[in-house]
Amino acid sequence: KKCIIVFFYRFFFCIRVNNIKEVIELDTIKKWLWVKIPLVVSLDFYEPKPAYPEKNVIISLGNLIPKKRPEFLLRALKIVKDSGYTFTLKVIGEDRLRNHFPYSYVQLIDKYNLTENIEVCGFIPHELLASYTRDAFLYINTSTQEWFCLALYEMSMAGLFPIIPRILSFDNVFSDRALYYDPDSHEELAKYIIQVIHEKEKYHDLALKNQEYIKKEYNYDNIKNSLRNLLL
């Protein structure tokens, strides 16, 4: 993404950006090239959670393909399990690893001795996703190619606390209301998972603040008015 910015963006007179990191990157090319207008996020997933879920249920969302780095997450979860913590990872998405490798995701799970900890849910229609997030407390994204993935916002609107890679599109988007890990370090991801399990109430409160932030900044009327003011 940085290569695209450096090479192509100089030819534009205005670029819509989503977060402060992109603003900084654009300012190195041309000052005032950017206008900050967030994505539009559906409020369908909004479901206040008055108390944090007791079980350690984690959500991973997206089809299982190499660029989603599913094995990276398994390496981190292996550390969490070996450290004595119980959890359930619900993987929402289809297993397409056999299209690229001679093995399946289930075989990877077995390789890391995580069979009892992972539930592969397969494809779930969008309108049913909320029922899978109801008892979860944590959303983990491991892809370094997500750009500004709406799943991050939908899972945050469902009341899940996000742990996301420190890449241009994600970095600092929720300020200190998210944990950002080095995308090359599954050890750091494991450390953060354990940290959230230890202080679940604290991170539950931050997840609720993310819900309010998205409702205020990412709702359709705000975005529509911002675009109207920009174009008129």
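What is the volume of the second largest pocket? In this predicted model, that volume is about 150 Å³. The lining of the second largest pocket includes L61, G62 and N63. I92, G93 and E94 also line this pocket, as do F123, I124, H126, L129 and E154. By residue class, the lining divides into 5 nonpolar, 4 polar and 2 charged residues.

The sheet was examined next. An open sheet is formed by 6 strands. Their order is 5-4-3-6-7-8, and the pairing is parallel. Strand 5 (118-122) and strand 8 (179-181) stand at the edges. Each has a single partner strand, so one side of each is left without a neighbour in the sheet. On average, neighbouring strands of this sheet are turned by 20° against each other, direction ignored.

At one edge, strand 7 (residues 161-165) runs parallel to strand 8 and is joined to it by 3 bridges. The bridge partner of P165 in strand 8 is Y181. Helix 7 (residues 186-198) packs on the sheet. This helix touches strand 3 (57-61), strand 6 (138-140), strand 7 and strand 8. The direction of helix 7 makes about 160° with that of strand 8.

Salt bridges were also counted. The structure holds 5 of them. One of these pairs E71 with K111, with the closest N and O atoms 3.0 Å apart. E71 lies in helix 3 (residues 70-82), whereas K111 lies in helix 4 (residues 105-111), so the pair ties together parts that are 40 residues apart in sequence.

How values were computed
Residues numbered from 1 in each chain as written. Predicted model: local features only at pLDDT ≥ 70, side-chain atom pairs only at ≥ 80, totals over all residues. Heavy atoms only, no water. Pairing = 2+ DSSP bridges. Helix = DSSP H or I, 4+ residues; strand = E, 2+ residues; numbered from the N terminus. Axes fitted to C-alpha atoms, helices over the stretch in contact; angles between N-to-C directions. Contact = heavy atoms within 4.5 Å. 1 Å grid on protein atoms, 1.4 Å probe; cavity = no way out; pocket = protein on both sides within 12 Å on 5 of 7 lines; lining within 4 Å. Points joined across faces, edges and corners; volume = space filled by probe spheres on them. Nonpolar A, V, L, I, M, F, W, Y, C, P; charged D, E, K, R; others polar. Salt bridge = Lys/Arg side-chain N within 4 Å of Asp/Glu carboxyl O.
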